[in-house]
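Subject: Structure handover

Hi,

Here is the structure for you to look at. Please open it first, then read the notes below.

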Amino acid sequence: MEELVWSKSRVRRFKRCRREYFLHFYASAGGFAPDADTETRELWFYKNLQSADYYLYRLMRRILYKAFCLQWSAMECQDELLKRWSLDMAEERITFYEQVYHGMTFNQIRDAAAESVINAGKILIHSELAPFMRRQKFRTVFIDQPLEFMLGDIIIYTAPFAMLCSGQEYIFLELTGDRMLDSAAMHRYYACRIRRIPAMAVKSSFYNITTGELWSPEFEAVNFSATAATIGEEVETIAMAIPEEIIARKAYFAISGAPRDICSKCNFARVCRQS
Ligand code: SF4
């Protein structure tokens, strides 16, 4: 039987379009291998396209790791962000979504995104994150792989950026545009069950990488039981939608149900069989 897996991004993808979910997780699997068939290889290529915005988000994440390890000033962060962006753009090693779908050249993408890189640098300087991370009594543990643990028979993946520990207080920090109470509940579950930290000592903060704002939910707002029940339902819905015979046949879902505006931003728009 297929493993039951939950992650925020997985569920989001499934809700957006079941066909996209299937193409992303199953039909493109193994497409990197030299002996992969043409269709699988093609799906793999589309799956791995990234937008300039998403690339920038990942770049900021990388810079922040180094910044906190090396105690960089905000200005040094901005310089590094611009330097890395220019280097990556000069090497032209990435195929961007905009190149494939909007016919933009590498130079056009670079010029269009340059302003966002500068704004991102300003956010790093002026945001609430810098003083938050500089709090003296805290030790920062960076989490470079998603946390993986079991919730009953479900494998949970959650990807906080760092954990700040003071001995009395443990704060999970996520870099995201969303306010995610379910992730906060999973941080608490992980801390209590796996790390044996008392629930009251665990907090979560969410840093909006676009606006520079920091949000921390109140302890009472994080309802673990309700979240666990919702996760169970979400995973069950996905498991029922993709029975093993569909996976084995590598079949596309007959009806995706995705609205047109979703399709227009989908990596698989060129190869999807939806008419
Ligand atoms: S193009 Fe539309 S229907 Fe096809 S996979 Fe993407 S979102 Fe789904």
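Two strands count as paired if DSSP finds at least two bridges between them. By that test, E1 and strand E4 (residues 154–158) pair in the parallel sense, over 4 bridges. Leu4 stands opposite Ile154 in E4. Keep in mind that this is a predicted model.

The sheet

Strands E1 and E4 belong to an open sheet of 3 strands. Its order is E1-E4-E3, and the pairing is mixed. Strand E1 (4–7) and strand E3 (147–151) are the edge strands. Each of these two pairs on one side only. From one strand to the next, the twist averages 25°.

The domains

The domain assignment splits out two parts of the protein chain. Domain 1 covers 52–126, and domain 2 covers 137–227. Their C-alpha centres lie 26 Å apart. How many residues does each domain put into the contact? Domain 1 gives 7 residues, and domain 2 gives 6 residues.

On the side of domain 1 that touches domain 2, helix H4 (52–69) and helix H7 (106–126) each supply at least two residues. Which element gives the most to that side? H4 does, with 5 residues. By class, this side of domain 1 has 5 nonpolar residues, 1 polar and 1 charged.

The whole chain

The secondary structure of the protein chain comes to 12 helices and 8 strands. Why call the chain as compact as a globular protein of its length? Its radius of gyration is 20 Å, and the globule rule gives 19 Å for 275 residues. The two values are close, so the chain is as compact as a globular protein of that length. Along its principal axes, the C-alpha trace spans about 55 × 50 × 35 Å.

Buried residues make up 26% of the 275 residues. A residue is counted as buried here if 20 or more other C-beta atoms lie within 10 Å of its own. On contacts, take the ones between residues at least 6 apart in sequence. Of these, 65% join residues at least 24 apart.

In short

For the sheet, start from the order E1-E4-E3. For the domain contact, start from H4, which gives the most to the side of domain 1 that touches domain 2.

Best wishes

Conventions. Residues numbered from 1 in each chain as written. Predicted model: local features only at pLDDT ≥ 70, side-chain atom pairs only at ≥ 80, totals over all residues. Domains from an automatic or database assignment. Contact = placed C-beta atoms within 7 Å. Nonpolar A, V, L, I, M, F, W, Y, C, P; charged D, E, K, R; others polar. Axes fitted to C-alpha atoms, helices over the stretch in contact; angles between N-to-C directions. Rg over C-alpha atoms; globule rule 2.2 N^0.38 Å. Buried ≥ 20, exposed ≤ 12 C-beta atoms within 10 Å, placed from the backbone.
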